[in-house]
Amino acid sequence: MRLFKGHLKMDEPTLTDLFLGQLGNIYCAKSHLVTVLPELSAKASFPELKTAILEGIDNIKMQILRMDVIYQQFGIQYTEEKCMGIKSITLEAYLASNADGKSPLHIDMSILTHLRIIESIEITCFNILNDIAKSLENDDVLTLINQNLQTAINTNRILELISLEYIS
(Lines give C-alpha, C1' and ligand atoms only; values in the text may rest on other atoms or scores of the structure.)
Protein backbone atom coordinates (compact mmCIF):
# COMPACT_ATOMS: atom_id res chain seq x y z
CA MET A 1 0.00 0.00 0.00
CA ARG A 2 1.43 3.35 -0.99
CA LEU A 3 0.81 6.32 1.26
CA PHE A 4 1.84 8.93 -1.26
CA LYS A 5 0.69 9.41 -4.86
CA GLY A 6 4.08 10.55 -6.10
CA HIS A 7 7.13 9.03 -7.65
CA LEU A 8 9.03 8.26 -4.45
CA LYS A 9 10.16 4.73 -5.35
CA MET A 10 13.92 4.30 -5.27
CA ASP A 11 15.68 2.86 -8.30
CA GLU A 12 17.22 -0.61 -8.09
CA PRO A 13 20.88 0.48 -7.73
CA THR A 14 19.95 2.78 -4.83
CA LEU A 15 17.84 0.06 -3.20
CA THR A 16 20.68 -2.42 -3.59
CA ASP A 17 23.15 0.02 -2.05
CA LEU A 18 20.78 0.69 0.85
CA PHE A 19 20.18 -3.04 1.32
CA LEU A 20 23.89 -3.88 1.37
CA GLY A 21 24.61 -1.01 3.76
CA GLN A 22 21.99 -2.23 6.22
CA LEU A 23 23.12 -5.83 5.76
CA GLY A 24 26.65 -4.70 6.66
CA ASN A 25 25.39 -3.03 9.82
CA ILE A 26 23.57 -6.12 11.06
CA TYR A 27 26.45 -8.39 10.01
CA CYS A 28 28.81 -6.25 12.08
CA ALA A 29 26.46 -6.40 15.05
CA LYS A 30 26.11 -10.17 14.82
CA SER A 31 29.88 -10.66 14.48
CA HIS A 32 30.44 -8.50 17.54
CA LEU A 33 27.86 -10.43 19.55
CA VAL A 34 29.61 -13.74 18.83
CA THR A 35 32.66 -12.36 20.62
CA VAL A 36 30.96 -10.76 23.64
CA LEU A 37 28.12 -13.15 24.45
CA PRO A 38 30.36 -15.83 26.01
CA GLU A 39 31.52 -13.25 28.59
CA LEU A 40 27.94 -12.26 29.36
CA SER A 41 26.94 -15.90 29.67
CA ALA A 42 29.71 -16.42 32.20
CA LYS A 43 28.29 -13.55 34.30
CA ALA A 44 24.73 -14.93 34.31
CA SER A 45 23.60 -16.85 37.39
CA PHE A 46 20.35 -18.39 36.11
CA PRO A 47 21.14 -21.62 34.19
CA GLU A 48 18.39 -21.01 31.63
CA LEU A 49 19.84 -17.58 30.86
CA LYS A 50 23.32 -19.05 30.41
CA THR A 51 21.88 -21.69 28.07
CA ALA A 52 19.84 -19.16 26.09
CA ILE A 53 22.91 -16.97 25.57
CA LEU A 54 25.09 -19.89 24.48
CA GLU A 55 22.40 -21.24 22.14
CA GLY A 56 22.02 -17.72 20.85
CA ILE A 57 25.65 -17.79 19.73
CA ASP A 58 24.92 -20.84 17.55
CA ASN A 59 21.86 -19.07 16.11
CA ILE A 60 23.94 -15.99 15.36
CA LYS A 61 26.56 -18.07 13.57
CA MET A 62 23.79 -19.50 11.39
CA GLN A 63 22.48 -15.99 10.69
CA ILE A 64 25.98 -14.91 9.67
CA LEU A 65 26.24 -17.89 7.31
CA ARG A 66 22.96 -16.87 5.69
CA MET A 67 24.22 -13.32 5.30
CA ASP A 68 27.40 -14.69 3.68
CA VAL A 69 25.17 -16.44 1.13
CA ILE A 70 23.35 -13.16 0.51
CA TYR A 71 26.66 -11.42 -0.14
CA GLN A 72 27.52 -14.22 -2.59
CA GLN A 73 24.19 -13.60 -4.35
CA PHE A 74 25.34 -10.01 -4.92
CA GLY A 75 28.85 -11.12 -5.92
CA ILE A 76 30.60 -9.34 -3.05
CA GLN A 77 32.06 -10.04 0.39
CA TYR A 78 31.33 -8.38 3.69
CA THR A 79 33.71 -5.59 4.61
CA GLU A 80 34.06 -4.68 8.26
CA GLU A 81 31.78 -1.96 9.62
CA LYS A 82 31.99 -0.07 12.90
CA CYS A 83 28.45 -0.71 14.32
CA MET A 84 29.17 1.53 17.29
CA GLY A 85 25.55 1.54 18.48
CA ILE A 86 25.44 -2.20 19.16
CA LYS A 87 28.94 -2.14 20.60
CA SER A 88 27.83 0.57 23.03
CA ILE A 89 24.82 -1.46 24.16
CA THR A 90 26.97 -4.57 24.69
CA LEU A 91 29.48 -2.46 26.65
CA GLU A 92 26.63 -1.27 28.86
CA ALA A 93 25.55 -4.89 29.37
CA TYR A 94 29.12 -5.86 30.27
CA LEU A 95 29.43 -2.98 32.73
CA ALA A 96 26.06 -3.87 34.29
CA SER A 97 27.22 -7.47 34.68
CA ASN A 98 30.25 -6.25 36.64
CA ALA A 99 28.39 -3.82 38.91
CA ASP A 100 29.52 -3.90 42.53
CA GLY A 101 26.95 -4.59 45.18
CA LYS A 102 24.26 -5.92 42.83
CA SER A 103 22.59 -9.26 43.42
CA PRO A 104 23.02 -12.04 40.85
CA LEU A 105 19.35 -11.65 39.91
CA HIS A 106 19.80 -7.92 39.36
CA ILE A 107 22.82 -8.59 37.15
CA ASP A 108 20.90 -11.23 35.18
CA MET A 109 18.02 -8.86 34.60
CA SER A 110 20.43 -6.13 33.46
CA ILE A 111 21.97 -8.54 30.96
CA LEU A 112 18.52 -9.59 29.77
CA THR A 113 17.41 -5.99 29.35
CA HIS A 114 20.37 -5.18 27.13
CA LEU A 115 20.03 -8.39 25.12
CA ARG A 116 16.35 -7.70 24.51
CA ILE A 117 17.16 -4.16 23.35
CA ILE A 118 19.73 -5.55 20.92
CA GLU A 119 17.32 -8.21 19.68
CA SER A 120 14.64 -5.57 19.08
CA ILE A 121 17.09 -3.57 16.99
CA GLU A 122 17.95 -6.70 15.02
CA ILE A 123 14.28 -7.47 14.39
CA THR A 124 13.79 -3.94 13.06
CA CYS A 125 16.87 -4.25 10.82
CA PHE A 126 15.73 -7.58 9.42
CA ASN A 127 12.22 -6.19 8.84
CA ILE A 128 13.71 -3.29 6.85
CA LEU A 129 15.94 -5.69 4.91
CA ASN A 130 12.86 -7.82 4.26
CA ASP A 131 10.99 -4.83 2.82
CA ILE A 132 13.90 -3.87 0.58
CA ALA A 133 14.42 -7.49 -0.55
CA LYS A 134 10.77 -7.61 -1.64
CA SER A 135 11.33 -4.52 -3.78
CA LEU A 136 14.47 -6.07 -5.28
CA GLU A 137 12.39 -9.14 -6.19
CA ASN A 138 15.06 -11.64 -5.18
CA ASP A 139 13.27 -14.62 -3.66
CA ASP A 140 16.45 -16.35 -2.47
CA VAL A 141 17.61 -13.27 -0.57
CA LEU A 142 14.12 -12.71 0.78
CA THR A 143 13.99 -16.28 2.11
CA LEU A 144 17.35 -15.91 3.86
CA ILE A 145 16.37 -12.58 5.40
CA ASN A 146 13.05 -14.04 6.58
CA GLN A 147 14.89 -16.95 8.21
CA ASN A 148 17.14 -14.51 10.07
CA LEU A 149 14.12 -12.44 11.04
CA GLN A 150 12.35 -15.49 12.47
CA THR A 151 15.47 -16.46 14.41
CA ALA A 152 15.63 -12.95 15.91
CA ILE A 153 11.92 -13.03 16.80
CA ASN A 154 12.28 -16.45 18.44
CA THR A 155 15.35 -15.37 20.40
CA ASN A 156 13.56 -12.25 21.60
CA ARG A 157 10.63 -14.36 22.77
CA ILE A 158 12.94 -16.69 24.72
CA LEU A 159 14.61 -13.72 26.38
CA GLU A 160 11.18 -12.27 27.19
CA LEU A 161 10.08 -15.52 28.83
CA ILE A 162 13.26 -15.69 30.89
CA SER A 163 12.75 -12.05 31.94
CA LEU A 164 9.26 -12.91 33.14
CA GLU A 165 10.73 -15.58 35.41
CA TYR A 166 12.49 -12.79 37.30
CA ILE A 167 9.69 -10.28 37.53
CA SER A 168 6.49 -12.34 37.72
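Okay, let's start with the nonpolar core. In this predicted model, the largest nonpolar core has 45 residues. Which of them have the most contacts inside that core? They are Phe 19, Leu 23, Leu 37, Phe 126 and Ile 145.

And where does the core come from? The elements giving two or more residues to this core are α1 (12-43), α2 (47-73), α3 (84-97), α4 (104-136) and α5 (139-167). The largest share belongs to α4, with twelve residues. If you're wondering about the background here, nonpolar side chains tend to be buried together in soluble globular proteins.

Let's pick one residue and look around it. Put Phe 19 in the middle of your screen. What does Phe 19 touch, once we leave aside its neighbours within four places in sequence? You should find Ile 70 and Phe 74, then Leu 129, Ile 132, Ala 133 and Leu 136, and finally Val 141 and Ile 145. Ile 145 is a name you've just heard, as one of the core residues with the most contacts inside the core.

Now let's move along to a histidine. His 114 sits in helix α4, the helix with the largest share of the core. Is His 114 buried or exposed? It's buried, because its relative accessible area is 13%, and the cut-off for buried is under 20%. Its side chain reaches the backbone oxygen of Ser 110, at 2.7 Å. Again skipping neighbours within four places in sequence, His 114 is in contact with Ile 89, Glu 92, Ala 93 and Ala 96.

Last stop, the cysteines. How many disulfides does a search of the whole structure find? Just one. Quick reminder for anyone new to this: a disulfide is a covalent bond between the sulfur atoms of two cysteines. Here the partners are Cys 28 and Cys 83, with their sulfur atoms 2.1 Å apart. The link is left-handed, with -60 degrees about the S-S bond.

So what does this pair tie together? Cys 28 is in helix α1 and Cys 83 is in the loop between α2 and α3, so the disulfide joins parts that are 55 residues apart in sequence. Both ends are tucked away: Cys 28 is buried at 4% relative accessible area, and Cys 83 is buried at 12%.

Then there's Cys 125, which is in no disulfide. Its nearest cysteine sulfur is that of Cys 83, 10 Å away, and a disulfide needs the two sulfurs within 2.5 Å. Cys 125 is buried as well, with a relative accessible area of 17%.

Methods: Residues are numbered from 1 along each chain as its sequence is written. This is a predicted model: local features need pLDDT of at least 70, side-chain atom pairs count only at pLDDT 80 or more; totals for chains, interfaces and linings use all residues. Side-chain values use heavy atoms; hydrogens and water are left out. A nonpolar core is a set of buried Ala, Val, Leu, Ile, Met, Phe, Trp, Tyr and Cys residues joined through side-chain atoms within 4.5 Å. Buried means under 20% relative accessible area, exposed over 50%, partly exposed in between (1.4 Å probe, protein chains only). Helices (H or I, at least four residues) and strands (E, at least two) are DSSP runs, numbered from the N terminus. Contact means heavy atoms within 4.5 Å. A polar contact is a pair of N or O atoms within 3.5 Å; within protein, one must be able to donate a hydrogen and the other to accept it, and residues adjacent in sequence count only if both atoms are side-chain atoms.
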